[in-house]
Every structure is written in structure tokens, then in C-alpha cells.
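Welcome! Take a moment to turn the model around on your screen, and then read on for a short guided tour.

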Amino acid sequence: MKRSLSCSALALVLTTSVLPLTHAAARTNPWDGLQPDREQTVASLNVVELLKRHHYNKPPLNDARSSQIFDDYLKSLDPARSYFTAADIASFEPWRYRFDDYLKSGELQPGFVIYKRQLERMQERLDFALSLLDQGVDKFDFSRDESLQTDREKAPWAADNKALDELWRKRVKDEVLRLKLAGKEPKAIQELLSKRYKNQLARLAQTRSEDIFQAYINAFTQTYDPHTNYLSPENAENFDINMSLSLEGIGAVLQSDNEHVKVVRLVPAGPADKSKQLKPADRIIGVAQGDKEMVDVVGWRLDEVVKLIRGPKDSVVRLEVIPASNAANDQTSKVVPITREAVKLEEQAAKKSVLKLEHDGHDYKLGVIEIPAFYLDFKAYRGGDPNYKSTTRDVRKLLSELQQEKVDGVVIDLRNNGGGSLQEATELTGLFIDQGPTVLVRNSDGRVDVLADEDQGTYYKGPMAVLVNRLSASASEIFAGAMQDYHRALILGGQTFGKGTVQTIQPLNHGELKLTLAKFYRVSGQSTQHQGVLPDIAYPAIVDVKEIGESALPAAMPWDRIAPAIQPAGDPFRPFLAQLKALHEARTAKNPDFEFTRKSLELSQQLMQNTEVSLNEDKRKAQRNDIEGRQLALENARRSAKGEAPLKELKDEEELADASEEDKLPPEKDAFLAESGRILLDYLTLNSAVAKH
């Protein structure tokens, strides 16, 4: 049973029973004076009230949520369990079921106390790491047979400082070995790591009250869902800058991943996408401006890393990344230079091509329309410009051109399309159906708004397929879901991202709250949230769905369904799906690109299960060589099957990719696109055979 505490009683708890002084806490530090101010207190109360009244789920702020806040806050502050001791956690434990009361009353001290304890522990660890380096990196014995656990998310908290010393001895040794195997000399290693840790100490000293408040409030808001979060006044301003594009970025969506920042997806036609060197699930470990020194960002907050990456147009930022393919071999990193620029609307415009295929002894032409994003030139549209650019207008024109070329069917390519204008998703759907609902939006009070295509008539009535993958999100999922629900197209490729929620920005007296207040539903009544759109025929995944996608985010809202908005006529694809799948599987069983994608993901998942790295130099070299050898063997098996020359090492592949960056492959050379065309032709053949009978 919960006891109510007065402010004076709380103060007593803070200074005595809950937080006994340690040798670290007893000394003066730069954070003693960091306290919540009145503006933050009022903002926290506003956040509590807004979540209570307007969040889509309106879940209760109770003991169960308090426990979740407690766990999530500790995880955000110490994801690898390498700072706090078991005694620290035990001293915080009496607060586990109190955060709901504290938040309702505007009491922020517990959040501040835990954060400041973490700062003290970080200072102790960095001091310890520097003391090891001061002894010289040559003191590390790399012939010893010992290892470091790399995944410590569920490891027990360190028993005491002695246990932390041993953990950090291994962590520093691992960093030294990683740099040694990368070819750096001992003196350079010592200088680099010493500077890294000293910089981290300097950053700790710059911690402000607002940093603590933001971390604490977000530990609270993100127990509701991953897209509900507090933006400090500075971050709210940065958010506005991002929306107006007055400062430029690299065109990548990033998220925190324990102590790293991970790439979630690339904006089509953005700088990172054009570089051809950054991929989803890559981890960013360093950021440099132009030719300046690389700044290590391991352990940094996401907003701090984003601030470093963003900068003036036409300037160069260099990112040091651990490729997703090397997740288990993280001594191998690469540096990716990217020139910052705004994503130009014309570069995201829909494009067409013609896919020429021979099928059952006949030649066919299929139209391909690639849609990188759902765009709309709002300024021109609102200004009454009759020639404003939009996805639907462009696709309508491309469809007209393809029909003049007498194509036998159309493939809409939505791979890597992260969404955009909801209006465009609705209007594009209208090109392929006669009339009717396109998407449902349910708000927090249960009201369902129906967005619909009001125009009678179907612009394109011919056969079609829609190609999607894990990086097809939001508006892409609405369109693909509508095409599937109206039985208008075969959906091919991978399970989509699963982002099916709607956010709004609520201003506060201090900062802003980004709040989830509605959910998208397909016309069949299924939400696109969490599950995304499941293809009729699945292709091998290009990324691990456990790593990338809505379902990979903590506290992601679940999939559910509401009453459908339509009752479509019979499904013309259903009678043939089993045959279509069998033909597809037989055709792609030995397809070099399908096999490579399948086996690459299997290898990556296999390697991710290994959560220890050897600190023995010979074993580590052997481990690295084995991984690189297996990756090279997969690549060369693909190249051999396609009649291409083998590579001597994986670096050659990057150089070849750079050299051919401007050479757009013809659609026939895109294995997934060509296979989509063949499946559509299989359907036409089977359907025609049935019709003739």
C-alpha cells in the first residue's frame, strides 16, 4: 500500500535512507547546484495533464507505469549496465512505485538525484579509464585468453566498484585492441583514447538542468509510445529548423540504440542515400566536420549527435560508422563523407521505366513507376499554381505515357518510401479504384474519420503489383494496404515498417510535447501500426525486422482492428496465390540475388547471437578474418552465378559501388523488380487460362 509523503519527508529520504553518501558523492562536483526550476515543474504538470486528456490510449498513470518509468529511466542512463552498482540500484528501489505520485505533484527531485548519481559514476569510470591509459597501452597483454560481454542489457548490475573496475579494464582493452587491429600505432591509440575520455569528461561538466529534465520526462512519456516525447525549448527550435530546412542535414532518420545512434532509414534522394555508403541499421560512432578531427559520439544523446551532424548547406560531414553487416565484428568501421544539402522535390519525383521480360515464350512490357516519397508542393498548391507538383499528378502523367506504350501491366515500386503527404496517399489510391474510403483515422475519443476518394471513375484499370519492403512506411503503408484491401494489386516484397500513428505538437510553457493522438486504419479495419502490411508473396528481408521497424521500438503501440469501411467483391488473386507462390519459389530458389539476400541476413542474425568478443589478439584476428571470409564468399558466390569477376576483398565492392554510382541499373537487372514483373505475368497467364475454360 502506498504512503503519501510530504515535501519535508521526501527531502529526508533524499539525504538519508535512499541515498547514503559514498566516497564519490562526498566530494564536490559540478552538478551539485543542478535543481529543477519552476518552469520545469509547471511543464511536467502540463505534460501529465496532456497525456491524461489527449494521448490516444489514455493509459493510467499508476504504480505499474511508475515501475516502467523506473526501469526505462535506468536503462536510458546506463543501457550497458556499466556505471551504476547494485548498491546504487538498491538505493533507488524505494522510488519504483512512487514516480506516478511525484509526477502528479510536480516533484522532480528523484529524477534529478538519479541522473546526478549517474554523472558521478560516469566521472569515476572515465577517470579510471584515463588512469589505465596513463600506464601505457603497451601494458595490456593481448595474449591472455579473456573476453568481453558486448550485450549487457540484461546483465546483473556490478556488485561493487571492484567489479566495475574489472569491466572497464576489459572495455578499455577492447578499444585498444580494436584500434590496434585497425592499424594504429600505440602512441596514436593512447592519444586518441585519452582525448576521447577527456572530451567525455568535459561534456559531463557541461550538463545543464534542462538535460536532466528532458531525460527524465522522456523516460515518462515514452512509456506511452515511442513517438510521444518532450522537446526542450532548444530542441523544439531545432525541430522547427528541421521542418523549415533552413539548416541542412544528411537525409537520414536516426534513433538511439543503447550507447550508439543507429540509422533507421534514409530519405530517398537525400545526401546519405546518394552516398550509397550508409545503410539502415548502421551505427554511427564518430562525427567530423569537413577535414577536422573525428569526434567520438559513443554514449552521446541522440539530440547531441543530430546537432553535430546538421550544418550549413554544401558543407561536408564525415561519419564513422560500424556497418550493420559488421555488427558482430565491431572493430571494423569505415568513414563516410556526406555533403549536406536539402532534398530537392524534383529528385524525389516519381519516375517511370519499362521492364521487358520474356515469359512462356512471349515478350512482354511492364510499366514500372518508382515513387520515392509522397510529396506535394504545398506552397504552389496553396498559391493556386495550376502546375504544382504532387505524387498523384506525376503518377497520372506517367500512367498515361505507359499506356501509350501499350504496357501489359504496371508495378508500383514503393521500396524505401518512408511516407509523406497523407492527402497524396489518398489521392493516389483514387487513381486505381472507382470511388470509396481510402484510410480511416481513429482519434483518442474513439471517433473515426473516413478519408475517401470522391471522384468517380478509375484512371488505371489494368493489372498491377505493388512492391514494398521493411523501409516502406506511413503513407506507403496506407496506399499498399488500400490496394490489398480493394484486391486491386498483388502486394509483393517484405513486411512494411508498421508506423500507423499520428502525432501533433502541443506547446508548453517550457518546450513542447510531441503527442500521439490518433491511429491509422486500413479500409479493412486493420491498423497499419506495428504489423505494417504483410505482402501476398514475401521476398527475403533486406534488414532484420527485429532491428528495424516499429515493432523494434520499445513500448510500440499494438496492432488492432476496428469495423471495416468496405466489403469488397471477391478477391481475384486468392484462387491463384498458392500457385503463384510455388512458381516464385521455384524460380528464385537459385536466383543469385535472392539467395545472397537470404544468406546475408542469416549470417548477420547468426553473428548477432554471439554477444562476446575475444580480447586475445590472435583469436580476435581469426574471428574477424572468419567473418570477412564468410561475407566475401557470399558476395563472390553471387558474382560467380551472374558471370561477374570475383572480388579479392570486400573493400573492392565499395570502390565498384562508388565508380558506378551514376549508372542506374536497367529494371531487368534489379532482381526483386524483375521477379515482381514475372509474378504479375504468372497471374495474367493463370487468369487467362481459367478465363478460356
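What follows is a walk through a strand and its partners, three loop residues and a cavity.

Please keep in mind that this is a predicted model.

**A strand and its partners**

Let us begin with strand S12, which covers residues 436-443. Is this strand largely enclosed or not, and why? Seven of its eight residues are buried, so the rest of the structure largely encloses S12.

Strand S12 has a partner in strand S13 (residues 448-453): the two run antiparallel and are joined by six bridges. To find one of these pairings on your screen, look for valine 441, whose bridge partner in S13 is aspartate 449. S12 and S13 form a hairpin with four residues between the strands. In this hairpin, glycine 446 adopts a positive phi near 90°.

Strand S17 (residues 512-521) also pairs with S12, again in an antiparallel arrangement, through four bridges. Here you can look for leucine 440, which stands opposite tyrosine 521 of S17.

**Three residues in loops**

Next come three residues that sit in loops, listed here with their accessibility.

| Residue | Loop between | Relative accessible area |
|---|---|---|
| Arginine 81 | helix H4 (63-77) and helix H5 (86-92) | 22%, partly exposed |
| Lysine 184 | helix H8 (161-181) and helix H9 (186-205) | 37%, partly exposed |
| Aspartate 360 | strand S9 (351-359) and strand S10 (362-370) | 56%, exposed |

Why does aspartate 360 count as exposed? Its relative accessible area is 56%, and exposed means over 50%. Arginine 81, at 22%, is partly exposed, because that class lies between the 20% and 50% cut-offs.

The backbone is worth a look too. Arginine 81 has a phi near 50°, a positive value in a residue other than glycine. Aspartate 360 likewise has a positive phi near 50° and is not a glycine.

As for lysine 184, which residues does it touch beyond its neighbours within four places in sequence? They are Leu179, Ile189 and Leu192.

**A cavity**

The last stop is an empty space. The structure holds one cavity of 30 Å³ or more, and the largest cavity contains about 50 Å³ of space. Its lining includes Arg208, Glu210, Asp211 and Gln214, as well as Arg301 and Asp303.

Which helices each supply at least two residues of this lining? They are H10 (209-221), H11 (233-244) and H13 (302-309). Helix H10 gives the largest share, with three residues. By character, the lining of the largest cavity has seven charged residues, three polar ones and no nonpolar ones.

Conventions. Residues numbered from 1 in each chain as written. Predicted model: local features only at pLDDT ≥ 70, side-chain atom pairs only at ≥ 80, totals over all residues. Heavy atoms only, no water. Buried < 20%, exposed > 50% of the residue type's maximum accessible area, 1.4 Å probe, protein only. Pairing = 2+ DSSP bridges. Contact = heavy atoms within 4.5 Å. 1 Å grid on protein atoms, 1.4 Å probe; cavity = no way out; pocket = protein on both sides within 12 Å on 5 of 7 lines; lining within 4 Å. Points joined across faces, edges and corners; volume = space filled by probe spheres on them. Nonpolar A, V, L, I, M, F, W, Y, C, P; charged D, E, K, R; others polar.
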